[in-house]
Amino acid sequence: MTTDLTLKTDRLTLRTFERSDLDDVLSYYSLPEVQRYLDWKARDKSEATTAFEAMRRQKRLTRPGEILTLGMVRKLDGAVMGHVSLRWTDATAGQGEIRFAVAPVYRRHGYCREAVSAVMDLAFNEYRLHRIFAVTAGDNEASARLLRALGMRLEAHYREHALFQGEWDEELHFAILSREWKRSEKIHELARHKVA
Amino acid sequence: MASAEEYALAMNTQVPLPATVQFAPDYPIVTERLALRPFSRGDVDAVYSYRSREDVSEYLFDQPMTHEECAEAVRARAGQIAFSNEGDKIVLAVERRDDARLIGEVSLIWRSVSDLQGEIGYIFHPDAHGHGYASEASRALLAFGFEVMGLHRVYARCDALNGGSERVMQRLGMRKEAHFREHAQFKGRWDEELIYAILEGEWFAPATSR
C-alpha cells in the first residue's frame, strides 16, 4: 500500500503525476524556453516521455536523494500547468532543493508562486527541513523574481562557471532557513489518499 | 638572496612524469620570498608541526593529524605534482627561501576540463601567518592556472568564520560569489561557507591592488 500526497491551495491542486498527464506535461516540457532551464534535457518526444516517467515515480520522500514531484493542476478546469519538485539532499543537515517549471501560457498569474509556496510549507512543516535552496540560471529573471518574492536570499552568484552551448553561464543560488519562512495560510488541507 | 632565476636553477628538481600529463609546473616555482616544490619524505616533521594543531584543523575537514597520518599525507602528496585529467590536484610544499623552512602548503585542482575551471587552497603554519605568504604562494598557482593551463575561472572556499583565509582570497583579487548559510553540519555545528572566485579577464586586467 502506498499513500499519495495531495496539497490544495486557493486555486490549485498539487498532486503526483498520473499516466494520463503525459500529453499535458509534454506540451510544456519540451518547449525550448522551458528546456533551457531544466536539468534533465529532453530533445525529443521520447526523451521527454522518459523524463515524465521518472517524475511520475517521484511520489514520496523516504530517504535523502529522493525527489517528490507534484503536478500543478488548476482547480477551475483541471489544466496541468506545470510541476514543482522537492529533492531531499541531506538528512543530517535537513537540506532540500526546490525546482519548478510552468507552461509559458500559464505564467504571470501567480500560479507558480502559489505552488512553490505550498511545497515550501510541506518541506518545513511536514518534512521538518532546516533549509531549502533553489538554483537558477543567471538570466532566468522570472525565476529569480519568484524566489525573491518568496523571501529567499541570494546566497551565490557564480559567474562564468560553466559553458552552455558555447556561452558562459551564470548561476544563482537562493535559500531560506526554516525559521525565516513565513508559513502561509494557503494550504487548506493536506490530504493523503490511500492507494491500493 | 639569490634572484628567482638563480634560485630556480640551483634547486631545479627534474621529476619524470607520465606521458598522460598535460600540465606540470617546472619545479620549484619561485616567488619573491618563497619556493613551491613537490613534497618529499623529509617533510613529515614540518607538516606535523602545523597539521597536528587544533587551531589549524578548526576550519579544515580533517581533524588534527597524528605523525603517522602526516607521513601518509606526505607520501600521497609527493605524487600530486602534475595534471593529467579532470579532478587532478597538485599539492606543493611552500618553503621560505631565506631559511629554507617549510611553512605551509598550497594546492590547485583542475575542477573542469571542458568549462576551464580550477580551485585553489592553502594551509599555513600559524607562526607564518600575517606576512602575506599565503597570498604570495597562491598567486603563483593562479598564474600557472590562468597563464599556462588557460583556465577561465578559479575559485577558493573557506569557512565563513575563517577571516584570515577570507582576507587571502580578497588580497588575491577574488570576488565573493557565495555565502551559504547553515547549508551543512560541520563538526557538530551549522556550517557556513564562502566561495570567492576570479575570472581570466580579471587576472589579466591591468594590475590594481594585486
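Two strands are treated as paired here if DSSP finds at least two bridges between them, and that criterion underlies the strand pairs visited on this tour of a predicted model.

Begin in chain A by selecting strand β5 (residues 95–102) together with strand β4 (residues 80–90). The two strands, β4(A) and β5(A), pair in the antiparallel sense, and eight bridges connect them. To see one position of this pairing, pick A:Leu86, which stands opposite A:Ile98 in β5(A). Moving to the turn, you will find that four residues separate β4(A) from β5(A) in this hairpin, and that A:Gly94 in the turn has a positive phi of about 55°.

Keep β4(A) selected and add strand β3 (residues 67–74) of chain A, which runs antiparallel to β4(A) and is joined to it by seven bridges. Here A:Met72 is the residue to centre on, since its bridge partner in β4(A) is A:Gly82. The hairpin of β3(A) and β4(A) has five residues between the strands, and within this hairpin A:Gly78 takes a positive phi near 75°.

Before leaving β4(A), colour its residues by burial, for which the cut-off is under 20% relative accessible area. Eight of the eleven residues of this strand are buried, so β4(A) is largely enclosed by the rest of the structure.

Next, display the pockets, starting with the largest, whose volume is about 1400 Å³. Its lining comprises 49 residues, and those nearest the centre are A:Tyr37, A:Leu38, A:Phe100, A:Asn140 and A:Ser143. Strand β5(A), already on screen, gives the most to this lining, with six residues. If you colour the lining of the largest pocket by class, 24 residues appear as nonpolar, ten as polar and 15 as charged.

Finally, turn to chain B and the second largest pocket, which holds about 1200 Å³ of space. Of the 44 residues that line the second largest pocket, B:Leu60, B:Tyr122, B:Ile123, B:Arg157 and B:Ser165 lie nearest its centre. Several elements of chain B give two or more residues each to this lining, among them the helices α3 (54–57), α5 (133–148) and α6 (163–171), and the strands β3 (89–96), β4 (102–112) and β5 (117–124). Which element gives the most to the lining of the second largest pocket? Select β5(B), which contributes six residues, the most of any element. By class, the lining of the second largest pocket divides into 19 nonpolar, ten polar and 15 charged residues.

Conventions
Residues numbered from 1 in each chain as written. Chains lettered and ligands numbered in written order. Predicted model: local features only at pLDDT ≥ 70, side-chain atom pairs only at ≥ 80, totals over all residues. Heavy atoms only, no water. 1 Å grid on protein atoms, 1.4 Å probe; cavity = no way out; pocket = protein on both sides within 12 Å on 5 of 7 lines; lining within 4 Å. Points joined across faces, edges and corners; volume = space filled by probe spheres on them. Nonpolar A, V, L, I, M, F, W, Y, C, P; charged D, E, K, R; others polar. Buried < 20%, exposed > 50% of the residue type's maximum accessible area, 1.4 Å probe, protein only.
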